[in-house]
Amino acid sequence: MGVLTDRRDPRVAVIGLGYVGACIAAVLAERGLDVAGVDVDPHLVDELRRGHCRFEEPDLAGLLRAGVDTGRLRVGTDYAAVADADVVLVTVGTPVRLDGSLADDQLRGACVELSRHLRRGQLVVVKSTVPPGTTRDFVLPLLAGGGLVGGTDFGLAFTPERLAEGTALRELRTFPIVAGGLDAGSTRDAETFWRRALGVDVIPVESLEAAEIVKLADNWWIDLNIALANELAKFSALYEVDVLEVIQAANGIPKGTGTINILLPSVGVGGSCLTKDPWMVWHSAQQRGLEILTAPAGRRVNAGMPAYTARLILDELAALGRPARGARVAVLGLAFKNDTGDLRATPVLPAVEALREAGCAVRLHDPLVDPDETEKLFGLRPVADLDDAVRDADCVAVLAHHRPFAGIDFAALPVTRPCLVLDGRAYYSRERIAELRAAGFHYRGIGR
């Protein structure tokens with residue numbers, strides 16, 4: 001295709017201004033590119049125009065405001081804005097149904113609208129996670145519905161999003177990008193664009209499908225690795241062994257081009273990617289007659305961790321002479337991971353539900369989450385003040401260990417003594433655990 005020339009920086013349109021799209025648009029504008037952001041949600045667009053960012057990501061709000069203020073980033077709901085772009089990035093949501101199949105409504109809507117404004121010479125880059133074959137067999141025909149021919153009139157490539165919430169902006173500026181195109185020209189254009197736009201290395205692959213599978217492979221591995229860590233934690237607990245000591249020692253062995261790298265156990269896995277991508281793998285394989293075993297196995301292990309954590313709390317309370325019915329449990333940290341306010345698929349929700357079903361009186365505290373969203377999801381209003389949240393608690397369960405929790409003076413908390421501290425994701429050091437015990441607390445962690 002050769003749609004990108006050396007005469008000027010490429011103009012970019014970003015379709016879908018959710019978390020991923022907002023991060024990409026902000027960084028591209030920061031690097032001096034002209035960016036048009038399009039989203040069908042008028043409330044989101046209005047927020048961005050007013051300088052408000054609903055996403056919890058360090059420095060993102062400031063970057064978005066700077067982009068809008070300088071005119072580098074323009075946001076709206078009209079797809080006509082893509083006509084002036086050289087490169088169109090598709091970053092809409094791609095959830096899965098209960099059977100693991102792609103819920104393609106957002107992707108279909110974006111492609112149909114885009115086809116009405118696509119012009120010759122543009123490069124379309126899909127970044128939304130999809131099953132293998134989707135870009136070729138689903139996206140391409142929809143884009144061609146406007147009368148243009150992919151690979152002749154416009155380029156088409158897939159470059160997977162591989163960002164971790166909380167560190168996304170740094171990763172955008174440094175991580176290599178994988179690019180696979182409909183044809184050699186599309187791959188070459190995608191490679192040229194990302195090198196020029198972000199100044200990062202690009203890893204070209206042979207096809208759209210190879211690039212699509214890379215993203216699934218990444219999250220398949222992460223979810224399975226965490227499942228191993230979670231089962232290793234359960235196994236270590238049988239022998240009263242600290243699983244973190246085991247993991248640290250096991251990870252010291254060189255293997256392949258790196259070392260063994262077992263991740264950390266926790267209350268569970270959440271967020272929008274790890275909870276769906278392995279099922280996308282499983283369903284895609286099923287459609288072609290292959291029974292994948294590891295993806296659903298990892299998912300079932302990790303999905304079972306909230307109930308395991310709740311049972312751990314109940315068993316430890318029983319050992320302290322506190323029956324479940326009426327026991328007061330303060331849950332600190334409600335998000336799906338540390339240092340974010342994101343409640344999507346948070347494993348804390350089923351853990352809290354299990355505690356309440358057992359008869360516990362649960363109070364919630366998290367300084368990073370939106371109180372209204374929390375109340376809507378959990379059916380409980382979070383308590384804003386830490387002391388009020390833990391007052392007379394029989395258990396303080398740290399299920400997401402945000403930075404504001406690092407300096408908690410447990411000895412000064414107005415809890416019942418002895419009080420259980422359940423470590424679901426804090427990974428307290430041995431010294432910290434000794435301090436807790438000296439202050440009258442009973443400590444228990446996942447596999448510790």
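Let's start at A345, which sits in the loop between β11 (328–332) and α13 (348–357). This is a predicted model, and A345 is one of the spots where its backbone does something worth a look: phi there is near 50°, a positive value in a residue that isn't glycine. How buried or exposed is A345? Its relative accessibility is 43%, so A345 counts as partly exposed.

E240 makes a good companion to that alanine. Here too phi is positive, about 55°, and E240 is not a glycine. You'll find E240 in the loop between α8 and α9 (243–250), just after α8 ends. With a relative accessibility of 77%, E240 counts as exposed, the cut-off for that label being over 50%.

Now step back into α8 itself. Does the length of this helix add up, and what would you expect for its span? The helix has 31 residues, and at 1.5 Å a residue they should span 45 Å; the C-alpha atoms at its ends are 46 Å apart, which agrees.

From α8 we can move to the second largest pocket, since α8 (208–238) is among the elements that give two or more residues to its lining, along with α5 (134–143) and α10 (277–287). Which of these gives the largest share? That's α10, with six residues. The whole lining comes to 24 residues, and those nearest the pocket's centre are P131, P132, G133, T134 and S284. As for chemistry, the lining splits into twelve nonpolar, seven polar and five charged residues. The space inside is about 540 Å³.

Closed spaces turn up as well. A search of the whole structure finds three cavities of 30 Å³ or more, and the largest cavity holds about 110 Å³. Its lining is made up of 13 residues, with P160, R162, L163, L172 and I177 lying nearest the centre. The elements that give two or more residues to that lining are α6 (168–174) and β7 (177–181). What kinds of residue line the largest cavity? Nine are nonpolar and four are charged, with no polar ones.

Next, head towards the other end of the numbering, where a cis peptide bond joins R417 and P418, with omega at about -5°. P418 belongs to the loop between β13 (395–398) and β14. That strand, β14 (419–423), comes up again with helix α16: the buried residues of α16 pack against β14 and also against β15 (441–445).

So which residues of α16 are buried? In this helix, residues 430–438, they are R432, I433 and L436. Look down the axis of α16 and these buried residues fall within an arc of 100°, so they line one face of the helix. Turn to the face pointing away from that buried side and you meet the exposed residues R430, E431, R437 and A438. An arginine thus appears in both groups, with R432 buried and R430 and R437 exposed. After α16 comes G440, where phi is positive once more, near 95°.

Technical notes. Residues numbered from 1 in each chain as written. Predicted model: local features only at pLDDT ≥ 70, side-chain atom pairs only at ≥ 80, totals over all residues. Heavy atoms only, no water. 1 Å grid on protein atoms, 1.4 Å probe; cavity = no way out; pocket = protein on both sides within 12 Å on 5 of 7 lines; lining within 4 Å. Points joined across faces, edges and corners; volume = space filled by probe spheres on them. Helix = DSSP H or I, 4+ residues; strand = E, 2+ residues; numbered from the N terminus. Nonpolar A, V, L, I, M, F, W, Y, C, P; charged D, E, K, R; others polar. Buried < 20%, exposed > 50% of the residue type's maximum accessible area, 1.4 Å probe, protein only. Arc of directions from axis to C-beta. Contact = heavy atoms within 4.5 Å. Expected span 1.5 Å × (residues − 1).
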